Amino acid sequence: MAKITISCSTPVDDEVVTEFLHKYVLHSRVGAARKLRMGEKGCFYTCSLYLEDHAKVSQLLRRMLAFFESKNIPLTILKIGAQDSWCEVDPEQRDPWKIAPQALLALLDATPDGGIQAALNT
């Protein structure tokens, strides 16, 4: 099981993006706007993968990745292992934990034991 967190790589001040987070990630508009303006330090989504809600989480993550790509807004995606803690991630040195959006998509298609679940492709 992996844990991920997502933020924008650079500060964003865009009403459409704020509304997207409000609608899909269930942040208040004010809270979403604040996190977006914080850039990389404004994590707006955190989750664990491969739990009982994996299909729902996978669908939301795919929607987020597609939306931010369509807006040309780069994301910072951090991944840690199931036994790791976010406290171990140095806010000033995030590179060891960064993964590309394509790597997240591959994680969404994989099962915890490394197999592929074609049924989860949404």
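**Reading the sheet from one pair**

Guide: Start with a single pair: Lys3 has Ile80 in β3 as its bridge partner. This is a predicted model.

Visitor: Which strands does this pair belong to, and how many bridges join them?

Guide: The two strands are β1 and β3, and seven bridges join them. They run antiparallel, with β3 covering residues 75-81.

Visitor: Which residues of β3 are the bridge partners of Ala2 and Ile4?

Guide: Ala2 has Gly81 as its partner, and Ile4 has Lys79. Put these beside Lys3 with Ile80 and the antiparallel direction of β1 and β3 can be followed residue by residue.

Visitor: Which other strand is joined to β1 by bridges?

Guide: Strand β2, residues 45-48, is joined to β1 by four bridges, again antiparallel. In that pairing, Ile4 stands opposite Cys47. Ile4 therefore has a partner listed in β3 as well as one in β2, as suits the sheet order β2-β1-β3-β4.

Visitor: What is the order of the strands in the sheet?

Guide: The sheet is open, has four strands, and reads β2-β1-β3-β4 with antiparallel pairing. β2 and β4 (98-99) stand at the edges with a single partner strand each, so one side of each has no neighbour in the sheet. At the β4 end, two bridges pair β3 with β4 in the antiparallel sense. There Ile77 stands opposite Ile99.

Visitor: Which way do side chains point along a strand?

Guide: In a regular strand, side chains alternate between the two faces of the sheet. Here, Ala2, Ile4, Ile6 and Cys8 point one way from β1, while Lys3, Thr5 and Ser7 point the other way.

Visitor: Are those β1 residues buried or exposed?

Guide: All of them are buried. Strand β1 spans residues 2-8, and seven of its seven residues are buried.

Visitor: How many residues of β3 are buried?

Guide: Five of the seven are buried, so β3 is largely enclosed by the rest of the structure.

Visitor: How are helix residues read?

Guide: An α-helix has 3.6 residues a turn, so residues three or four places apart point the same way. In helix α2 (residues 29-37), the buried residues are Gly31, Ala32, Ala33 and Leu36.

Visitor: What covers the buried residues of α2?

Guide: The cover includes β1 and α1 (15-24). Just after α2, Gly39 takes a positive phi of about 65°.

Visitor: What pattern does the chain follow along the sequence?

Guide: The pattern is β-α-α-β-α-β-β-α. In total there are four helices and four strands.

Visitor: What radius of gyration does the chain have?

Guide: The chain has 14 Å, and a compact globule of 122 residues would have a value near 14 Å, so the two agree. Taken along the principal axes, the C-alpha atoms fill a box of roughly 40 × 30 × 25 Å.

Visitor: What share of the residues is buried?

Guide: Buried residues make up 42% of the 122. The chain exposes about 6900 Å², and carbon and sulfur atoms supply 53% of that area. As for contacts with a separation of 6 or more, residues 24 or more positions apart account for 69%.

Visitor: How many positive and negative side chains does the chain have?

Guide: There are 14 positive and 15 negative side chains, and the centres of the two sets lie 6 Å apart.

Note on methods:
Residues numbered from 1 in each chain as written. Predicted model: local features only at pLDDT ≥ 70, side-chain atom pairs only at ≥ 80, totals over all residues. Heavy atoms only, no water. Rg over C-alpha atoms; globule rule 2.2 N^0.38 Å. Buried < 20%, exposed > 50% of the residue type's maximum accessible area, 1.4 Å probe, protein only. Contact = heavy atoms within 4.5 Å. Areas by Shrake-Rupley, 256 points an atom, 1.4 Å probe, with all protein chains shown as cover. Lys, Arg positive; Asp, Glu negative; His and termini not counted. Charge placed at Lys NZ, Arg CZ, Asp CG, Glu CD. Pairing = 2+ DSSP bridges.
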